[in-house]
Amino acid sequence: MLLASGPADRDLTTRPNKPFRDLAWGLASHGVAVTRFDKVTHVHPETGSAPGFTMADEYVPHAVAAVHLLQRQPDVD
C-alpha cells in the first residue's frame with residue numbers, strides 16, 4: 001500500500017507519478033466506484049499545525065462524507 005505523510009493531493013502526486021489516479025482509473029475501468037479527496041492539510045496547510053489536530057481529524061470526516069456521497073448515487077450499490 002502507498003502511504004503519504006504530510007499534505008497530499010487526491011492523486012498522491014510525486015514528481016511525474018500519480019499512483020492514486022492510476023489506481024482509480026484502473027478500478028473504475030472495471031466497474032468499481034471510486035471517490036478520492038485531497039487531504040485537508042493539502043487544501044488548508046495551516047490545519048496540520050493546529051493544537052490537537054489528529055490523523056482522525058484529517059481523514060474521518062472526509063471519508064464519511066465520501067461514503068455518504070456514494071450512497072446517494074443510484075448506480076452505486
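Contact here means heavy atoms within 4.5 Å. The model is predicted.

**Exercise 1. The overall fold**

Describe the secondary structure, the extent and the contact range of the protein.

*Solution.*
- Start with the elements: three helices and zero strands.
- Read along the sequence, their pattern is α-α-α.
- Next, take the principal axes: the C-alpha atoms fill a box of roughly 40 × 30 × 20 Å.
- Then turn to contacts between residues at least 6 apart in sequence: 43% of them join residues at least 24 apart.

**Exercise 2. Surface and interior**

Find what share of the residues is buried, and what carbon and sulfur atoms supply to the exposed area.

*Solution.*
- Of the 77 residues, 13% count as buried.
- The protein exposes about 6,000 Å².
- Carbon and sulfur atoms supply 61% of that area.

**Exercise 3. The setting of E58**

Locate E58, and work out which side chain makes a polar contact with its side chain.

*Solution.*
- E58 sits in helix α3, residues 55-71.
- E58 is buried and has no salt bridge.
- The nearest side chain of opposite charge is K39, 4.0 Å away.
- The side chain of T41 makes a polar contact with that of E58, at 2.4 Å.
- Leaving out residues up to four places away in sequence, E58 touches K39, V40, T41 and F53.

**Exercise 4. F20 and its patch**

Is F20 buried, partly exposed or exposed, and which nonpolar patch includes F20?

*Solution.*
- F20 belongs to helix α1, residues 19-28.
- Its relative accessible area is 31%, so F20 is partly exposed.
- Patch members need over 30%.
- F20 joins L23, L27, V32 and V34 in a nonpolar surface patch.
- Together these five residues have about 380 Å² of accessible area.

Notes: Residues are numbered from 1 along each chain as its sequence is written. This is a predicted model: local features need pLDDT of at least 70, side-chain atom pairs count only at pLDDT 80 or more; totals for chains, interfaces and linings use all residues. Side-chain values use heavy atoms; hydrogens and water are left out. Helices (H or I, at least four residues) and strands (E, at least two) are DSSP runs, numbered from the N terminus. Buried means under 20% relative accessible area, exposed over 50%, partly exposed in between (1.4 Å probe, protein chains only). Lys and Arg count as positive and Asp and Glu as negative; His and the chain ends are not counted. A polar contact is a pair of N or O atoms within 3.5 Å; within protein, one must be able to donate a hydrogen and the other to accept it, and residues adjacent in sequence count only if both atoms are side-chain atoms. Patches are made of residues with over 30% relative accessible area and no salt bridge: like charges are joined within 9 Å, nonpolar side chains (Val, Leu, Ile, Met, Phe, Trp, Tyr) within 5 Å. Accessible areas come from the Shrake-Rupley method with a 1.4 Å probe; for residues, only the protein chains shown count as cover.
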